[in-house]
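Please review the briefing below alongside the sequence and the structure. It covers the contact between two chains and then the nonpolar core.

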Amino acid sequence: MTLGITGFVWLVLYLALLLFVIIFANKKSKSDEQTSLLSKRQEFYNAKSSPLGNFALIFTFAATLFSAFFMVGLPGFLYTHGLGTWPYVIFGDVLGMLGLFYVGRRILLIRTKETLSPLEIILPTTFSKILFVVVTTVFILPYLAVQISGFGRLINAASDGAISVFVAAASGLAIMYMYSAYIGIRGIVLTDTIQGVVLFLCACLIGGYITFFQFDGPSDLLLTVYSKTPDLLGSPGPKGFFTFGALISGCILFASIPMSQPQFLTRYLIINPKNDLKYLRTIAIGFGVLLAVASLAILPIGLGGAVLYPNLESGDALIGTILSNFDSTAGRWISGLFVVGVLAAAMSTVDSILFSLGQFFAIDIYGKLVNKQVDEFNTIFTGRIFIFGVAVIALFLGVSNSNLIVYLSSLSFQGTLQLVPAVIGGLWKIPVKSHYTASISILVGVTFLFIFQYINPLSDLNLSPAIPAFILSSLVYLVSWTLHKRS
Amino acid sequence: MKISKYKITGFSIVLLSIVATYIPFFWNINLGNKTLPSSVWIWIFSPIILFIGITCILYSEKTPES
């Protein structure tokens, strides 16, 4: 799969649009006293005063969830495991609307003007904050690294090797660092909006092209799949993946994302509680609509691909094969747009994670442990240094492509699921006096997550090891809280 | 405590969609003489029904000003 003239045109257009938005956001932030990187001034985002309003807020929540997996991995997963992929992924995403709404509303209600980081209102002790940041970093940094190496490889392949993986990944990271660190969350929200729109269009165009140009509509596509490979439309799928337990595990893991992932927790603070609280419902519903429609558009890519190209070595090769065979003019333009779409998907995830981790390190670790008297200027300066540090580490981890990093990235959502009891308990003020409850719960969850990778007590039910670990961490939280309440 | 009609409807729809999604695991149904098994349509539409249910729940919630 090469970039070609059409891909090059799309890439230039995308980068130009990104540059325009960055300049616009930077100009706006200079003229707006309320904008800065890491402060209470994150309340800059006033939906009423912005023509983008809810639209940008919906896209920033959705785009941060759209990773490169969505564009490349999901069609491959559908190709290999069939229709069950759709409820497996989207059930949890739709349930995540509840998490987004309730956690978001709670954060907006209990935050104060001095709240700089969501961890300040979620966790009671410095130790629990450090533990939260360490666990998040261990599980999210490898995921970040895999995304970075993914777009490095994509550009490398699309340029026929003219641009090396390292140079492509480093250039993309440098762009993201500039707007994340120097324009802050405003730059991220606005670029996320563009990235979300590009991605959404990409998914719909390719899905629509396959459904209506390579088949005679959705019914014909499904009937053809059913006549050639009926296993793809039933349970447990051709490889036996979609069991009762697998569906429950997927549902819990995906639904937990808005409650545990750092890029979501930091986003709740950008909603101005005085003006935008009533829009939270619109944001949650818009988030669900975007994810559901985009995932539905991916269905024909995976299922149609299974009929059109049945003998591929793996599902990962599907999307490249489909795009290489788009020989019409329209097909070539869509194919070029896809390369940009994957780039946008990776960028919208990477910039948000970079920013969140930098913010956690600067405020919750440096500001609480190293220099408690740090002022706002120095907090921002420190934040920029941390974001740079995280970016450099992620770049080298991604390019190294070590097995450990790939393994840890596969555990990413499982690891952050173990933080959910501490987040929910902290937000609803369950640990009134028991300061160590959150820390104990996180430690138990993560420890047993690794143990259960080898001896999963619920393997007979086909449940992911993360589920029993999550049950244990929740129980520990409740028991610890009860003991403290009695004492 | 009075529970709103929206919330009851929402939870009923959510429950219905969850139960419906799990039916194909236990029963490969083919209602009538259709070419595609009904489980295909259940899997395609149950997440959409879930979305409608959750939207009802969200509309039943007040969003108090801080």
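**Interface and core of a predicted model**

In this predicted model, 35 residues of chain A are in contact (heavy atoms within 4.5 Å) with 30 residues of chain B. Local features need pLDDT of at least 70, side-chain atom pairs count only at pLDDT 80 or more, and totals for chains, interfaces and linings use all residues. Residues are numbered from 1 along each chain as its sequence is written, chains are lettered from A in the order in which they are written, and side-chain values use heavy atoms, with hydrogens and water left out.

**Interface between chains B and A**

- The two chains bury about 3200 Å² between them (accessible area lost on being put together, 1.4 Å probe, summed over both), 77% of it on carbon and sulfur atoms.
- On the chain B side, B:Trp43, B:Phe51 and B:Leu58 lose the most area to chain A, together 21% of what that side buries.
- One salt bridge (side-chain nitrogen of Lys or Arg within 4 Å of a carboxyl oxygen of Asp or Glu) is counted between the chains; B:Glu61 and A:Arg105 meet in a salt bridge at 3.4 Å, N to O.
- Helix 2 of chain B (a DSSP run of H or I, at least four residues, numbered from the N terminus) gives the most to the side that touches chain A, with 14 residues.

**Nonpolar core**

- The largest nonpolar core (buried Ala, Val, Leu, Ile, Met, Phe, Trp, Tyr and Cys residues joined through side-chain atoms within 4.5 Å; buried means under 20% relative accessible area, 1.4 Å probe, protein chains only) has 168 residues.
- Helix 16 (residues 329–370) of chain A gives the most to this core, with 19 residues.
- A:Ile148 is among the residues with the most contacts inside the core; leaving aside neighbours within four places in sequence, A:Ile148 is in contact with A:Ala169, A:Leu173, A:Val350, A:Ala394 and A:Leu395.

Note on methods. Buried means under 20% relative accessible area, exposed over 50%, partly exposed in between (1.4 Å probe, protein chains only). Helices (H or I, at least four residues) and strands (E, at least two) are DSSP runs, numbered from the N terminus.
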